[in-house]
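Trainee: Could you take a close look at one part of this model with me? I would like to see its local setting before we step back to the wider picture.

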Amino acid sequence: MKYYSTNKRVPFASLKRAVIKGLAGDKGLYMPENIGLLNDFVIGDMKDMTFQEIACTVAQALFGDDIDGGTLEKIVNDTLSFDTPVVPIHDNIYSLELFHGPTLAFKDVGARFMARLLGYFIDKEGAKDINVLVATSGDTGSAVANGFLGVDGINVYVLYPKGKVSPIQECQFTTLGQNITALEIDGTFDDCQALVKSAFMDPEMNGHSKFTSANSINIARFLPQSFYYFYAYAQLDKLGKTDKLVISVPSGNFGNLTAGLIANWMGLPVKRFIAANNRNDVFLDYLNTGIYTPRPSVATIANAMDVGDPSNFARIIDLFSIYPNPYKAIKKKIAGCTYTDEEIAKTMQYVYKQYGYILDPHGACGYQGLIDHKPAENETGLFLETAHPAKFKGTVDEILGIDLEIPVKLQAFMKGEKQSIELGKDFEGFKRYLLEQ
Ligand SMILES: *Cc1c(COP(=O)(O)O)cnc(C)c1O
């Protein structure tokens, strides 16, 4: 399958090239040319399949032209060594718990898949010396660093804003060593993201060696996220609960929601989506006005969603560009909502008290989005719980007045010693550092 750029000013790319480049040369995002379709029978059969089997079926439709079946199956099975269960909360509301991976966030799925796919390109197709740059406000860095740890031929640089990520998050990408380097940037997350984008656009750096992105602009990280939408559907299908499915997605860069739209495009019956935001709500503004105006991000307690210019917006526009009136079509498929820190806290308290379920601040936006766009009697509401509450222990403990137990997986990271390199937010200093490596 070929991949085109959403800006359509560069030639189509192979899967390998799209993954290794990350961002297209015209600054567009790569999109699959023909998204494979899965018919009702195939999707109906999924209720008797495992997560891995379902993901292999979806992966075959997406990557089957480029990678042989056996290799693809191995990549999928190695990626998905954990479950993403659907858990009933109350009435017709369900939580899709995406936090059972090694770093307890949904990003483990995409990061692990991407690491294994790049590993395959290095082993089997002679790609070499790939530098992965990743900007993080907390969760991406840990998922990517852990996904890529020890993969030969790949060096990972994690850029994070000094003093703006939680200690639990920080230790997950600063204590690993080996091929993982943490760069502590004296700036904001937006500054980190800007440094990464400038690096891809810099001719000298691209001449020197290969730099790619492990943020959700990379198709290898973003597309595999469609797997768990199918698996969630299959689990609801077993309960007879798939009629008129409404899915609420806590959103920052909108990679997760766009993967849901891709699943829907491939044939998964989803009636509508809800884009749940914290105060960084440029998408809701777009839905209300038809005009997209990026803004600087503001800090919230759901910090993995503190994004002022969501990179996957371009993919959403592209997906809907086949409609005569794309804006109208987007509004029909996706509703938006926005929550302040106080509202997020209230939701967490309410759900804990009423139903004994501990939401993390991101999942709380997803849950509240469902309630505010209340599924009708005969609809099923599913929200994505994107991180384990213990990843935000300080915040969750304070809001709920509890002392959350830290899962063993996280405790292990906290024993390691922090290693990081401090850099300013100017591009020249960053570039000099990378070219010296
Ligand atoms: C990354 C992240 C999000 C936002 O996901 P996008 O794909 O960037 O929209 C939401 N919640 C958590 C916990 C995250 O780590």
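Mentor: Happy to, and we need one definition to begin with: helices (H or I, at least four residues) and strands (E, at least two) are DSSP runs, numbered from the N terminus. This is a predicted model, where local features need pLDDT of at least 70 and side-chain atom pairs count only at pLDDT 80 or more, while totals for chains, interfaces and linings use all residues. Residues are numbered from 1 along each chain as its sequence is written, and side-chain values use heavy atoms, with hydrogens and water left out.

Let's look at arginine 272, which sits in strand 10 (residues 272-277). Its contacts, meaning heavy atoms within 4.5 Å, leave out residues up to four places away in sequence and include Leu245, Val246, Ile247, Lys332, Lys333, His373, Lys374, Pro375 and Glu379. With glutamate 379, the side chain of arginine 272 makes a side-chain polar contact at 3.2 Å. Here a polar contact is a pair of N or O atoms within 3.5 Å; within protein, one must be able to donate a hydrogen and the other to accept it, and residues adjacent in sequence count only if both atoms are side-chain atoms.

Glutamate 379 also has a salt bridge, a term for a side-chain nitrogen of Lys or Arg within 4 Å of a carboxyl oxygen of Asp or Glu. Its partner is lysine 271, with 2.4 Å between the closest N and O atoms. This pair links distant parts of the chain, 108 residues apart: glutamate 379 is in the loop between helix 17 (361-372) and strand 12 (380-385), and lysine 271 is in the loop between helix 12 and strand 10. Glutamate 379 counts as buried at 4% relative accessibility, whereas lysine 271 is partly exposed at 40%. On this scale buried means under 20% relative accessible area, exposed over 50%, and partly exposed in between (1.4 Å probe, protein chains only).

Elsewhere, salt bridges that share partners join Glu170, Glu184 and Lys418 into one network. Within that network, the side chains of glutamate 170 and lysine 418 meet at 2.9 Å, N to O. Glutamate 170 lies in helix 7 (residues 167-174) and lysine 418 in the loop between helix 19 (408-414) and strand 13 (421-423), so their salt bridge ties together parts that are 248 residues apart in sequence. Glutamate 170 is buried at 16%, and lysine 418 is partly exposed at 41%.

Another salt bridge joins aspartate 318 and lysine 8, at 3.1 Å from N to O. Here the partners are 310 residues apart, with aspartate 318 in helix 14 (residues 313-319) and lysine 8 in the loop between strand 1 (3-5) and helix 1 (15-21). Aspartate 318 is buried at 8%, while lysine 8 is exposed at 56%. The structure holds 14 salt bridges.

Two backbone details are worth a glance too. Lysine 244 has phi near 50°, a positive value in a residue other than glycine. The place of lysine 244 is the loop between helix 11 and strand 9 (245-250), and its accessibility of 37% makes it partly exposed. Phenylalanine 254, also not a glycine, has a positive phi near 65° and belongs to the loop between strand 9 and helix 12 (255-266). Phenylalanine 254 is buried, at 4%.

Now the wider view. The domain assignment, with bounds from an automatic or database source, gives domain 1 (60-104 + 223-407) and domain 2 (108-221 + 414-435). Their C-alpha centres lie 24 Å apart. Contact between them takes 37 residues from domain 1 and 27 from domain 2. The two domains bury about 2,700 Å² between them, 56% of it on carbon and sulfur atoms; buried area is the accessible area (1.4 Å probe) that two parts lose on being put together, summed over both.

Between the domains the count is 1 salt bridge, and 13 residue pairs are in polar contact across the interface, both residues at pLDDT 80 or more. On the side of domain 1 that touches domain 2, helix 4 (69-79) and helix 11 (227-238) each supply at least two residues. Helix 4 gives the most to that side, with 6 residues.
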